[in-house]
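User: Could you take me through one part of this protein up close? I'd like to start with the sheet in the second chain and then see what sits around it.

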Protein chains: 2
Amino acid sequence: MIYLDNAATTKYKPEIVYDAFNYYIREVAVSPGRGSYSLGIKASRMLYQSRKTVGDFFGLEKKSNVVFTKNSTEAINLFFRGFLHSGDHVVITTYEHNAVLRPLQEMKEEGIIDYSVISREDLDKTPSYIYDKYFRTNTSVFATTLASNLTGRVVLNRDYLEFFHKKGVINFVDSSQGAGKIRINMKDDNIDYLAFTGHKDLMALPGVGGLCCKDERGIRPLIQGGTGIHGDSYTNPDVFPEGLEAGTINMPAIWSLKESIDFLKDNWEEIQEKETRLKDYLKNELAKKSNIIVYDDDVEKVSTFAINITGISSDKLVKILDENDICVRGGIHCAILAHEALETVQTGVVRVGLGFYNTESDIDRLMEVLGGTTA
Amino acid sequence: MIYLDNAATTKYKPEIVYDAFNYYIREVAVSPGRGSYSLGIKASRMLYQSRKTVGDFFGLEKKSNVVFTKNSTEAINLFFRGFLHSGDHVVITTYEHNAVLRPLQEMKEEGIIDYSVISREDLDKTPSYIYDKYFRTNTSVFATTLASNLTGRVVLNRDYLEFFHKKGVINFVDSSQGAGKIRINMKDDNIDYLAFTGHKDLMALPGVGGLCCKDERGIRPLIQGGTGIHGDSYTNPDVFPEGLEAGTINMPAIWSLKESIDFLKDNWEEIQEKETRLKDYLKNELAKKSNIIVYDDDVEKVSTFAINITGISSDKLVKILDENDICVRGGIHCAILAHEALETVQTGVVRVGLGFYNTESDIDRLMEVLGGTTA
């Protein structure tokens, strides 16, 4: 089987990630912050170490300022619901995942906030052009995805972040796509809050994501409940990050993330080299086929490709590839604004998402099947 | 090491639970509902099968009406935030976990709802007495824990549920404590919504909980984002249960839960027999020690015990037990109302939580250390 749906989840993980998970569930297997016996304290230390590893990877100045959630969607909801105030305005890009669009749209429909969307055409304009056109006096947050989940386009623009930061705007990055492929540094890149998910490019097991916070103040909880500390207050204690993590956290998955990030750090050059090599190889192969449309082919991107074959529906193409034991995803990809901008709402697209464990021969096999497929 | 903190999390799981998790992450390892290739469809079928297994276990009439969350705290927040309307009133018991109290208190402080708490003294009164004293014309929900996380007391009262149901009130049960020890049947027991967590008595791996819903209508999402279906709408689609599960769900943990519930069903009599045997044994041993206070000793309970030794702080007792390689939790246990009712806010309590993998010799060793400990 050839797995090319890495933009949905990385199916294959480094062996140390499986080992880390199994170590936790066999050898530790207690909840951190819940018991003061030795093993409970060990669990709490492992949690703290995990926070620091994540924070260091993303260039957080206060390395342990990491709130763990179940996935990036929860982290994004936590940020918008917890940070924005009534009357605020948010600027986003047309490449945002539905995990960014939908909480904002819901808050807009509730009459709490409003938001504006930078069009695809404007994304190569200067920061001052964007600022003048889209920002208002009540714009508190600029939210941008690191890379498009649909086309792989690198959307994060450091010049934008620097300019908006100087204007006093809070910069929020959704790093779900690209976090393990593009190195970002929150301090150097002027990022105030960053959401991440473990199970995609970071190559951890499912069940963990989080929010990296430059500032530990100013976020209200999304979920109220037991926090392991200050159990005597009637609402979550104002303690960071525990007050934002009510309920038992998924420590085995968190520990797998700690190990996967160590793996990324230790093998960063090899990962980068392979990412570039496979990306360029597939790009060149696709360019040879005149009946294949590649979306966002002329911009900087990660190794995720949105394609269609003229005259064949994306669903049918997925089926043909599946019959040849190749896994890709078709249809609409949880990024409706991007589909609208690319005019693919009706057709959908086939997404080919490469990952660290793919090889050139996977691409050869894909191209062989695509080459034999015509309308 | 003797692990007696099973009320926090069950450290030891049936082997098939570890096997199920590892099977999923090695052999399947894709996200359900995200890809229409064969393996994606297999994952979706496993998800549906998991829903049905959980729903069947809890006696749901529509077995697959199960929303998966990261833990019971999220499920409880989803229910209160998603079901209650402005002006509603909720009745709870004094034994509710902070996961029930805190979202309600927060919603009360936001001016959305109000709630009343049935006192410890009133919990042996008749349903009509309770109804007349605590319920109002705008009371829409009665929320009760199955068992106390603090003392193990069985709080769920089927007579209450039947009476309130007939009055048109919606019954909500937090089954986090006791779900794998007391069999409940939502249909027979007049339970409309039930929150559960995987990692305690259900003996699954951490990272999964959920909400069983008699009715698939009427709950608004807590989290907005990608749902895998209807990606073209600007907010979560009104589809149950996917519209309430935005973001990638934790399928490996869900599959471990499916297997752990099968284990519970297959071994229910043995589990019940052991639960009763260990519970009675510890109860009798504790009764022999005149300097040990046992809270809620004279009521029906699961095998969780809240104790103190006269003249010794709960924190010190935890430390002494830890030095003897026995894991228990002290202090305040995320159930402030119960601590207030038992007058243990200042002292805290030591909680001894037995589980399926404990033995009589664990209890003997505990009693040996407790017996040698005096103020």
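Analyst: Two strands count as paired here if DSSP finds at least two bridges between them. With that in hand, let's look at chain B, keeping in mind that this is a predicted model.

Chain B has an open sheet of seven strands, and the pairing is mixed. Reading across, the order is S2-S8-S7-S6-S5-S3-S4. Strand S2 (66-69) and strand S4 (114-118) of chain B are the edge strands, each pairing on one side only. On average, neighbouring strands of this sheet are turned by 20° against each other, direction ignored. As background, strands of a sheet pair through backbone hydrogen bonds, either parallel or antiparallel.

Start at the S2 edge. S2(B) runs antiparallel to strand S8 (residues 209-213) of chain B, and four bridges join the two. One spot to click on is B:Thr69, whose bridge partner in S8(B) is B:Gly209.

Step across S8(B) and you reach S7(B): five bridges join S7(B) to S8(B), again antiparallel. Here B:Tyr193 stands opposite B:Cys213 in S8(B). On to the next neighbour, and the direction changes: strand S6 (residues 170-174) of chain B runs parallel to S7(B), with three bridges between them. In that pairing, B:Val173 stands opposite B:Leu194 in S7(B).

S7(B) deserves a longer stop. Five of the five residues of strand S7 (residues 193-197) of chain B are buried, so this strand is largely enclosed by the rest of the structure. Buried means that 20 or more other C-beta atoms lie within 10 Å of a residue's own. Both faces of S7(B) are covered. On one side you'll find B:Tyr193, B:Ala195 and B:Thr197, and on the other B:Leu194 and B:Phe196, all of them buried.

Now for the nonpolar core. In soluble globular proteins, nonpolar side chains tend to be buried together. The largest nonpolar core in this model has 224 residues. The members that touch the most other members are A:Phe79, A:Cys212, B:Phe79 and B:Cys212. If you want to see one of these hubs in chain A, leave out residues up to four places away in sequence, and A:Phe79 touches A:Phe172, A:Tyr193, A:Ala195 and A:Leu211.

Next, how the chains meet. The contact takes 61 residues from chain B and 61 residues from chain A. Several helices of chain B give two or more residues to the side that touches chain A, among them helix H1 (15-28), helix H2 (38-57) and helix H9 (314-323). The largest share on that side comes from H4(B), with seven residues. By type, the chain B side divides into 26 nonpolar, 24 polar and 11 charged residues.

There's also a contact inside chain A. Chain A is divided into domain 1 (15-266) and domain 2 (267-371), and the C-alpha centres of these domains of chain A lie 27 Å apart. In chain A, 25 residues of domain 1 are in contact with 24 residues of domain 2. H7(A) gives the largest share of the domain 1 side of this contact, four residues. That side divides into nine nonpolar, 10 polar and six charged residues.

A last residue to look at is A:Trp268, in helix H8 (residues 268-287) of chain A. A:Trp268 counts as partly exposed because it has 13 C-beta neighbours inside 10 Å. A:Trp268 and A:Gly180 are 88 residues apart in sequence, yet 8.7 Å apart in space, C-alpha to C-alpha.

How values were computed
Residues are numbered from 1 along each chain as its sequence is written. Chains are lettered from A and ligands numbered from 1 in the order in which they are written. This is a predicted model: local features need pLDDT of at least 70, side-chain atom pairs count only at pLDDT 80 or more; totals for chains, interfaces and linings use all residues. Domain bounds come from an automatic or database domain assignment. Two residues are in contact if their C-beta atoms, placed from the backbone, lie within 7 Å. Ala, Val, Leu, Ile, Met, Phe, Trp, Tyr, Cys and Pro count as nonpolar, Asp, Glu, Lys and Arg as charged, and the others, Gly among them, as polar. A nonpolar core is a set of buried Ala, Val, Leu, Ile, Met, Phe, Trp, Tyr and Cys residues joined through C-beta atoms within 7 Å. A residue is buried if 20 or more other C-beta atoms lie within 10 Å of its own, exposed if 12 or fewer, and partly exposed in between; C-beta atoms are placed from the backbone. Axes are lines fitted to C-alpha atoms, for helices over the stretch in contact, and angles run from 0 to 180 degrees between N-to-C directions.
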